[in-house]
Amino acid sequence: VQLQASGGGSVQPGGSLRLSCVMSGRLESINTLAWYRQAPGKKRELVASMYPSGGTEFGESVKGRFTTSRDDDKDTMYLQMNDLKPEDTAVYYCNAGLYEEGIGSTDSWGQGTQVTVSS
């Protein structure tokens with residue numbers, strides 16, 4: 001599975017951005033989809049995780065501000081980010097948790113897209 005993230009940019013505090021992640025390859029091997037972010041000097045942290053059941057778990061710092069969605073016709077998942085804060089500044093990555101017979105569980109990562117929130 002290959003992932004291609006896009007949609008990052010610079011925005012003022014309180015603004016919004018929507019990130020996209022186009023998926024290709026053996027999509028039937030996908031178990032979970034997620035968004036992570038990594039700020040300079042910090043560990044990569046979970047932003048949102050989407051489960052096969054349809055549920056989504058959000059990191060505490062983004063609850064109530066970020067939402068996720070998925071368009072299966074376009075093989076694309078989205079991260080809608082509202083009320084952005086300077087502390088949301090980071091490189092954002094999309095992630096797919098995979099399972100394939102004979103291989104087991106692996107992860108696929110997109111290349112990352114920069115989000116900068118500043119006035």
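Strands are DSSP runs of E with at least two residues, and helices are runs of H or I with at least four, both numbered from the N terminus. The exercises below concern a predicted model.

**Exercise 1. Describe the secondary structure and the overall dimensions of the chain.**

Step 1. Counting the elements gives zero helices and eleven strands. Read from the N terminus, the order is therefore β-β-β-β-β-β-β-β-β-β-β.

Step 2. The radius of gyration is 14 Å, close to the 14 Å from the globule rule for 119 residues, so the chain is as compact as a globular protein of that length.

Step 3. Along the principal axes, the C-alpha atoms occupy a box of roughly 50 × 30 × 25 Å.

**Exercise 2. Characterise the burial, contacts, surface and charges of the chain.**

Step 1. Take a residue as buried when its relative accessible area is under 20%. Of the 119 residues, 41% are buried.

Step 2. Consider the contacts between residues at least 6 apart in sequence: 53% of them join residues at least 24 apart.

Step 3. The exposed area of the chain is about 6400 Å², and 45% of it comes from carbon and sulfur atoms.

Step 4. The chain carries 11 positive and 14 negative charges, and the mean positions of these two sets lie 7 Å apart.

**Exercise 3. Locate the disulfide and describe its geometry and surroundings.**

Step 1. The structure has one disulfide. Its partners are C21 and C94, with an S to S distance of 2.2 Å. The cut-off for a disulfide is 2.5 Å between cysteine sulfur atoms, so this pair qualifies.

Step 2. Place the two cysteines in the chain. C21 belongs to strand β3 (residues 17–24) and C94 to strand β9 (residues 90–100). With these positions 73 residues apart in the numbering, the link joins distant parts of the chain.

Step 3. The angle about the S-S bond is 70°, and the link of C21 and C94 is right-handed.

Step 4. Are C21 and C94 buried or exposed? Both cysteines are buried.

**Exercise 4. Describe the setting of G25.**

Step 1. G25 sits in the loop between β3 and β4, the latter spanning 30–38.

Step 2. Is G25 buried or exposed? The relative accessible area of G25 is 51%. The threshold for exposed is over 50%, so G25 counts as exposed.

Step 3. Which residues does G25 contact, apart from its neighbours within four places in sequence? The contacts of G25 are with V1 and Q2.

Step 4. For L3, the C-alpha to C-alpha distance to G25 is 9.0 Å, at a separation of 22 residues in sequence.

Note on methods: Residues numbered from 1 in each chain as written. Predicted model: local features only at pLDDT ≥ 70, side-chain atom pairs only at ≥ 80, totals over all residues. Heavy atoms only, no water. Rg over C-alpha atoms; globule rule 2.2 N^0.38 Å. Buried < 20%, exposed > 50% of the residue type's maximum accessible area, 1.4 Å probe, protein only. Contact = heavy atoms within 4.5 Å. Areas by Shrake-Rupley, 256 points an atom, 1.4 Å probe, with all protein chains shown as cover. Lys, Arg positive; Asp, Glu negative; His and termini not counted. Charge placed at Lys NZ, Arg CZ, Asp CG, Glu CD.
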